[in-house]
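Hello,

Here is the structure we talked about. Please open it first, then read my notes below.

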Amino acid sequence: MDYCIVTFSSTYGAIFAQKVLDGVCSVQVMPVLREISAGCGIAVRFAPESLGAVASALAASSLAPEEYAFYAVTGAGTTLRTEAFLP
Amino acid sequence: MSHLIDAKGKACPIPVVLAKGAITDGADAFTIEVDNTTAVENLTRLAASQGYGLAVRESGGIFALDFARTGAVVKPQASAPAETCTGCGYAVLVGRDTLGAGDRALGTNLMRMFFYSLANSCDLPACVLFLNDGVKLPTLDDQMVEHLNALSGKGVEILVCGTCLNFYGLSEQLRVGTVSNMFDILSRMQGSGKVITL
């Protein structure tokens with residue numbers, strides 16, 4: 001995988017998660033990939049090596065597990081592939 | 001044999017589109033006639049970027065630009081913004097540090113998502129212009145700086161209002177782009193096919 005993203009069931013969850021992850025690791029805000037959802041949404045992107053830290057921080061937060069989901073992303077453009085996974 | 005393209009009366013970006021068409025067709029030499037200086041500037045940049053020598057003749061408000069292939073490509077100099085207006089494509093004008101009116105946290109996210117998408121887009125702007133609150137983005141926002149560096153690396157000109165940087169005490173904190181002024185910013189807007197204002 002090239003990078004990981006977390007999607008959220010609500011915009012509030014996405015914004016809250018950024019506060020949770022502030023100082024934990026470097027993240028980027030990005031639109032949810034069209035391959036994952038046709039809807040408009042906020043996703044958080046991070047490097048694969050930060051997966052453990054991100055998963056731990058979100059698990060320790062007040063966000064419920066069903067409020068967010070992890071995806072592995074590989075490639076770009078026509079070769080882009082996404083796969084949901086549980087860390 | 002050199003051929004003549006009549007682009008008189010054509011607004012930007014049509015003259016450049018017509019010239020690009022001739023270049024794509026493999027023309028070693030051609031002449032294009034235009035009737036405004038913006039088109040001359042745009043075509044001058046095009047010639048340099050595509051490896052063509054250029055001679056400009058003016059008569060009665062009509063400019064005839066003689067393109068001749070040399071193979072020497074001249075890249076625009078980011079340090080000389082006054083001379084690097086493309087006039088074609090589009091400009092993005094950023095006058096605030098959030099996208100849209102409303103909740104600030106949401107607006108911050110939307111701005112970062114916009115530039116994430118823009119940096120990964122195939123259709124890049126000629127320039128991005130930062131004014132007022134917008135100058136906080138190329139100075140204080142790590143993610144925005146990353147996207148702007150990516151855009152700059154792809155040839156997008158980043159201009160940042162020096163008056164605004166000074167007002168906010170950010171003059172020493174500019175991390176990407178060129179400190180600019182209203183003359184340059186206005187010229188970029190005037191020379192662009194369209195301006196997207198955020």
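**Contacts of one glutamine, then the interface**

A:Gln18 touches A:Val29, A:Ile42, A:Val44, B:Asn109 and B:Arg112, leaving aside residues up to four places away in sequence. Keep in mind that this is a predicted model.

A:Gln18 lies in helix H1 of chain A. Is A:Gln18 buried or exposed? A:Gln18 counts as buried because its relative accessibility is 14%, and the cut-off for buried is under 20%. Its side chain also makes a polar contact with the side chain of B:Asn109, at 2.3 Å.

Now the interface as a whole. Twelve residues of chain A are in contact with ten residues of chain B. About 940 Å² is buried between the two chains. Carbon and sulfur atoms give 59% of that area. Which three residues supply the most on the chain A side? They are A:Gln28, A:Val29 and A:Pro31, with 52% of the area that chain A buries against chain B.

What about polar links? The rule finds zero salt bridges across the interface of chain A and chain B. It does find four residue pairs in polar contact there, both residues at pLDDT 80 or more.

On chain A, three elements give two or more residues to the side that touches chain B: helix H1 (11–21), strand E2 (27–31) and strand E3 (42–46). E2(A) gives the largest share, five residues. By type, the residues on this side of chain A divide into seven nonpolar, four polar and one charged.

Best wishes

Terms used
Residues numbered from 1 in each chain as written. Chains lettered and ligands numbered in written order. Predicted model: local features only at pLDDT ≥ 70, side-chain atom pairs only at ≥ 80, totals over all residues. Heavy atoms only, no water. Contact = heavy atoms within 4.5 Å. Buried area = accessible area lost by both parts, 1.4 Å probe. Salt bridge = Lys/Arg side-chain N within 4 Å of Asp/Glu carboxyl O. Polar contact = N/O pair within 3.5 Å; in protein donor to acceptor, adjacent residues only side chain to side chain. Helix = DSSP H or I, 4+ residues; strand = E, 2+ residues; numbered from the N terminus. Nonpolar A, V, L, I, M, F, W, Y, C, P; charged D, E, K, R; others polar. Buried < 20%, exposed > 50% of the residue type's maximum accessible area, 1.4 Å probe, protein only.
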